[in-house]
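Here are some exercises to work through with the model open beside you. Try each task before you read its solution.

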Amino acid sequence: MHSSFSGDSDEPMENMIKASVEAGLDAICFTEHEDRILPYNSKRNGDFDFRCFWLDVPPYRDKVFELREKYKDRIKVGFGIEIGMDPDGAEHNKALAGEYPFDFIIGSNHYVDGYDVYYRSYWEQGPAERQMGRYFERTLENIMAFQEFDVLGHIDFAARYIPEGNEGLYTYERYHDIIDKILRFLIENGKGLEVNTKALRVGMKEPHPSRDILKRYRELGGKIVTVGSDAHSVKEAGTFIRDAFSILKECGFDEYMVFTGRKPETHRIEL
Ligand SMILES: [Fe+2]
């Protein structure tokens with residue numbers, strides 16, 4: 001989850017921790033955003049300054065360390081980061097990953113070919129089917145350039161932003177070649193998948209990754225999955241986590257992982 005140390009959240013970290021305790025969670029991990037390479041459409045979106053996604057780690061680290069101590073009897077609080085990958089940012093990202101004692105690193109793909117896929121300008125660069133394919137291709141380029149992460153974040157996240165909606169346009173089948181390449185690379189390199197419940201929260205039927213991708217990862221031998229709400233405010237803390245566990249069960253998983261000091265610890269999924 002995120003707090004006000006991320007450019008897209010205003011929620012004080014302590015509020016997120018209290019809300020998580022109230023939601024009945026016994027472990028959370030902050031994964032604040034770091035996206036170093038600025039997209040071109042930073043110039044096309046008015047005053048929005050993408051440098052808000054440059055994370056100032058020392059005050060963030062100090063706050064997590066202070067609050068994890070304060071709440072240690074109630075909840076385990078992890079010190080993580082969501083690194084926006086980019087082949088041009090790989091050296092920066094490698095150095096950052098090694099510089100601090102992170103518990104958990106999510107490697108994510110938010111920008112493709114210089115565009116933030118969140119904005120329409122990305123989808124104006126070509127037909128949606130092609131732009132979706134580019135998203136996966138870029139993901140593979142990213143993970144080949146940078147492996148200092150534990151799980152790949154929201155693997156099919158771009159599908160959420162297809163302007164005409166993703167129904168019928170985005171399916172695992174349509175992109176299975178490139179998705180399988182990504183999944184095989186992850187498995188060969190001991191990396192996992194983040195199951196992110198944000199899509200469920202906004203009314204989509206599938207989490208990220210979709211059930212088809214989760215089943216395929218399992219079928220290929222993948223075992224490392226983590227579950228997160230991607231919450232950016234107190235009302236989102238812990239939402240749809242139980243649904244994510246049911247979906248994982250449905251896709252053949254009996255276990256999920258919690259990372260501490262970049263090492264996975266296995267937990268049984270109990271519904
Ligand atoms: Fe993300």
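**Exercise 1.** Find what follows helix α9, then work out which of the helix's residues are buried and which are exposed.

*Solution.* This is a predicted model, so every reading below is a reading of a prediction.
- Step 1: go to the end of α9, where Gly252 follows with a positive phi, near 95 degrees.
- Step 2: look back along the helix, which covers residues 241-250; Ala244, Ile247 and Leu248 are buried there.
- Step 3: look down the axis of α9. The buried residues fall within an arc of 100 degrees, so they line one face of the helix.
- Step 4: turn to the other side of α9, and you meet Ser246 and Glu250, which are exposed.
- Step 5: ask what covers the buried residues. The cover includes β7, α8 (211-219), β8 and β9.

**Exercise 2.** Just ahead of that helix, in the loop between β8 and α9, sits Phe240. Is Phe240 buried or exposed?

*Solution.*
- Step 1: count the other C-beta atoms within 10 Å of Phe240; there are 21.
- Step 2: compare with the cut-off for a buried residue, which is 20 or more. Phe240 is therefore buried.
- Step 3: check its backbone too. Phi of Phe240 is near 65 degrees, which is positive although the residue is not a glycine.

**Exercise 3.** Try the same approach on His154, in the loop between β6 (151-152) and α6 (176-188).

*Solution.*
- Step 1: read phi. His154 has a positive value of about 20 degrees, and this residue is not a glycine either.
- Step 2: count neighbours. His154 has 25 C-beta neighbours inside 10 Å, so it counts as buried.

**Exercise 4.** In which order do the six strands of the open sheet lie, and which are the edge strands?

*Solution.*
- Step 1: trace the order, which is β1-β2-β3-β6-β7-β8, with parallel pairing.
- Step 2: pick out the strands that pair on one side only; these edge strands are β1 (27-34) and β8 (225-228).
- Step 3: zoom in on β7 (residues 192-196) and β8, which pair in the parallel sense over four bridges. Here Glu194 stands opposite Thr226 in β8.
- Step 4: look for a helix over the sheet. Helix α2 (residues 57-70) lies across β1 and β2 (76-84), and it runs at about 160 degrees to β2.

**Exercise 5.** Which residues is Ile28 of strand β1 in contact with, leaving aside its neighbours within four places in sequence?

*Solution.*
- Step 1: list the contacts: Met1, Ser20, Ile75, Val77 and Gly78.
- Step 2: test for burial. Ile28 counts as buried because it has 26 C-beta neighbours inside 10 Å.
- Step 3: look further along the chain. Ser229 is 201 residues from Ile28 in sequence, while their C-alpha atoms are 9.6 Å apart in space.

**Exercise 6.** Describe how β9 and β10 pair and what lies between them.

*Solution.*
- Step 1: find β9 at residues 255-260 and β10 at residues 263-268; they pair in the antiparallel sense over six bridges.
- Step 2: locate Phe259, which stands opposite Pro264 in β10.
- Step 3: inspect the turn. The two strands form a hairpin with two residues between them, and Gly261 in the turn has a positive phi of about 55 degrees.

**Exercise 7.** Which residues have the most contacts inside the largest nonpolar core?

*Solution.*
- Step 1: the core has 65 residues, and those with the most contacts inside it are Met16, Ile105, Ile182, Leu193 and Leu248.
- Step 2: revisit one of them, Leu248, which you met as a buried residue of α9.

How values were computed: Residues numbered from 1 in each chain as written. Predicted model: local features only at pLDDT ≥ 70, side-chain atom pairs only at ≥ 80, totals over all residues. Core = buried A, V, L, I, M, F, W, Y, C linked by C-beta atoms within 7 Å. Buried ≥ 20, exposed ≤ 12 C-beta atoms within 10 Å, placed from the backbone. Pairing = 2+ DSSP bridges. Contact = placed C-beta atoms within 7 Å. Axes fitted to C-alpha atoms, helices over the stretch in contact; angles between N-to-C directions. Arc of directions from axis to C-beta.
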